[in-house]
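Welcome, and please open the model in your viewer. We will walk through it one selection at a time.

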Amino acid sequence: MKKLRTYFQLPDGTASDIAGQLAVKTKRLQRRLAAVQHVFAVMSGKGGVGKSVITANLAARLADEGLSVGVLDADLNGPSMARLLAANGEPLRVTERSVEPAVGSAGVKVMSMDLLLAGEATPVEWGGPQSETFLWRGTLEANTLREFLSDTAWGNLDYLILDLPPGTDRIAPVRDLLPTLGGVIVVTVPSELSRFIVGKSLTLSREMGIPVLGYVENMSGYVCPHCGEVGRLFDSASVSFEDVPRLAGLPFDPEFGRETEAGRPDVLRRPDTEVGRGIRVIASAIREHFEGPRS
């Protein structure tokens, strides 16, 4: 039987072989990531919980331990990773076959939509004949993620971390692109609303067969800038999820956020603060999961 192919009509009347193009792109992605040892994602489901700041510090900590680390900023419409890791100072270098990622703090390799925009205030605008429709926009976003993964010359990496955008469904397209995704870390804050929304992300991850490495309870308290004591920030003392390990509780530390947002991941400068120690615990848990117990 002759192999069937799926086509769609382009504006100029020509036909495009969707299945054939996807097959080529999938093979290219597989070749590109063959030298990457471990891939995991950091997600939340809910915005405003400090996920990207934690991701940046986690990547910097792993790199500071002598590992080769890359970060893909999968938040295409609200990219921040290049700024958080001080990788936004130089333009991307494009060759005929690949794009060289920017290099940020502690040598972390970064690919972010922010590196492709003309200026700080430039928004991401999706073009195309149906750019306003949900289906078309979702397709464009998925294709962009695929190209970021397959066209970036990541080189040999110990870890590639994906920083996912808010939304309980954001793990699905990543899982489709990366069937061998090694796991996901979920970030929440100690509030019932966050627990409610983040719980949906956990459920979806499990249903898709993605290993849940654990959750991070951010803003678990407040570090007093005067005395250093940690007090409660939310009404709820803590949150918990059934059968999901709590990797760490990170108190809200204004200096930690301020330094990281300025492109200086605070875990490198102050590794022995409450938050710094928590990031180190998370990094150790990740390494133990992927690399096994360390002596």
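Start by selecting helix α2, where 13 of the 14 residues are buried, so the helix is largely enclosed by the rest of the structure. Keep in mind throughout that this is a predicted model. From its first C-alpha to its last, α2 reaches 20 Å, close to the 20 Å expected at 1.5 Å a residue. Step just past the end of α2 and you meet Gly 66, which takes a positive phi of about 95°.

**Stop 1: a charged residue inside α2**

Stay in helix α2 and pick Arg 61. Is Arg 61 buried or exposed? Its relative accessible area is 18%, and because buried means under 20%, Arg 61 counts as buried. Now show what surrounds it: leaving aside residues up to four places away in sequence, Arg 61 touches Val 267, Ile 279, Arg 280 and Ala 283.

**Stop 2: the nonpolar core**

Next, look at the largest nonpolar core, which has 76 residues. Helix α2, residues 51-64, gives the largest share of this core, with eight residues. Which residues have the most contacts inside the core? Select Phe 40, Leu 160, Leu 162, Leu 178, Ile 185 and Ile 282 to see them. As general background, nonpolar side chains tend to be buried together in soluble globular proteins.

**Stop 3: Phe 40 and its surroundings**

Zoom in on Phe 40. Not counting residues up to four places away in sequence, its contacts include Leu 58, Leu 160, Leu 162, Leu 181 and Gly 183. Ile 185, Ile 286 and Phe 290 are also among the residues that Phe 40 touches.

Now turn to the rings. A search of the whole structure finds three aromatic pairs. One to display is Phe 40 with Tyr 159, an edge-to-face pair at 6.2 Å centre to centre, with 75° between the planes. Phe 40 lies in strand β3 and Tyr 159 in strand β9, so this pair ties together parts that are 119 residues apart in sequence. Both Phe 40 and Tyr 159 are buried. Add Phe 290 to the selection, and you have a cluster of Phe 40, Tyr 159 and Phe 290 linked by ring pairs.

**Stop 4: strand β9 and its partners**

Colour strand β9, residues 157-163. This strand is mostly covered, with six of its seven residues buried. Then add strand β3, residues 36-43: six bridges join β3 to β9, and the two run parallel. Here Phe 40 appears again, with Ile 161 of β9 as its bridge partner. Strand β4, residues 69-73, also runs parallel to β9, joined by five bridges. Select Val 71 and you will find that its bridge partner in β9 is Ile 161.

**Stop 5: helix α9**

Move on to helix α9, residues 274-291. This helix has 18 residues and reaches 26 Å from first C-alpha to last, close to the 26 Å expected at 1.5 Å a residue. Its buried residues include Ile 279, Ile 282, Ala 283, Ile 286 and Phe 290. Just after α9, Gly 292 takes a positive phi of about 90°.

Two salt bridges can be shown within α9. In one, the side chains of Glu 274 and Arg 277 meet at 3.1 Å, N to O. These residues are three apart, about one turn of the helix. Glu 274 is partly exposed at 41% relative accessibility, and Arg 277 is partly exposed at 37%.

The other joins Glu 291 and Arg 287, at 3.1 Å, N to O. Here the residues are four apart, about one turn of the helix. Glu 291 is partly exposed, with a relative accessible area of 37%, whereas Arg 287 counts as buried at 11%.

**Stop 6: salt bridges elsewhere**

How many salt bridges does a search of the whole structure find? There are 16. For one of them, select Arg 246 and Glu 217, whose closest N and O atoms are 2.8 Å apart. This pair links distant parts of the chain, with Arg 246 in strand β13 and Glu 217 in strand β11, 29 residues apart. Arg 246 is partly exposed at 43% relative accessibility, while Glu 217 is buried, with a relative accessible area of 1%.

For a final selection, show Asp 253, Glu 255, Glu 259, Arg 264, Asp 266, Arg 269 and Arg 270 together. These residues are linked in a network of salt bridges.

Conventions: Residues are numbered from 1 along each chain as its sequence is written. This is a predicted model: local features need pLDDT of at least 70, side-chain atom pairs count only at pLDDT 80 or more; totals for chains, interfaces and linings use all residues. Side-chain values use heavy atoms; hydrogens and water are left out. A nonpolar core is a set of buried Ala, Val, Leu, Ile, Met, Phe, Trp, Tyr and Cys residues joined through side-chain atoms within 4.5 Å. Buried means under 20% relative accessible area, exposed over 50%, partly exposed in between (1.4 Å probe, protein chains only). Contact means heavy atoms within 4.5 Å. The expected span of a helix is 1.5 Å times one less than its number of residues. Two strands pair if DSSP finds at least two bridges between them. Rings of Phe, Tyr and Trp (its six-membered ring) pair if their centres lie within 6.5 Å; planes under 30 degrees apart count as stacked, over 60 as edge-to-face and the rest as tilted. A salt bridge is a side-chain nitrogen of Lys or Arg within 4 Å of a carboxyl oxygen of Asp or Glu.
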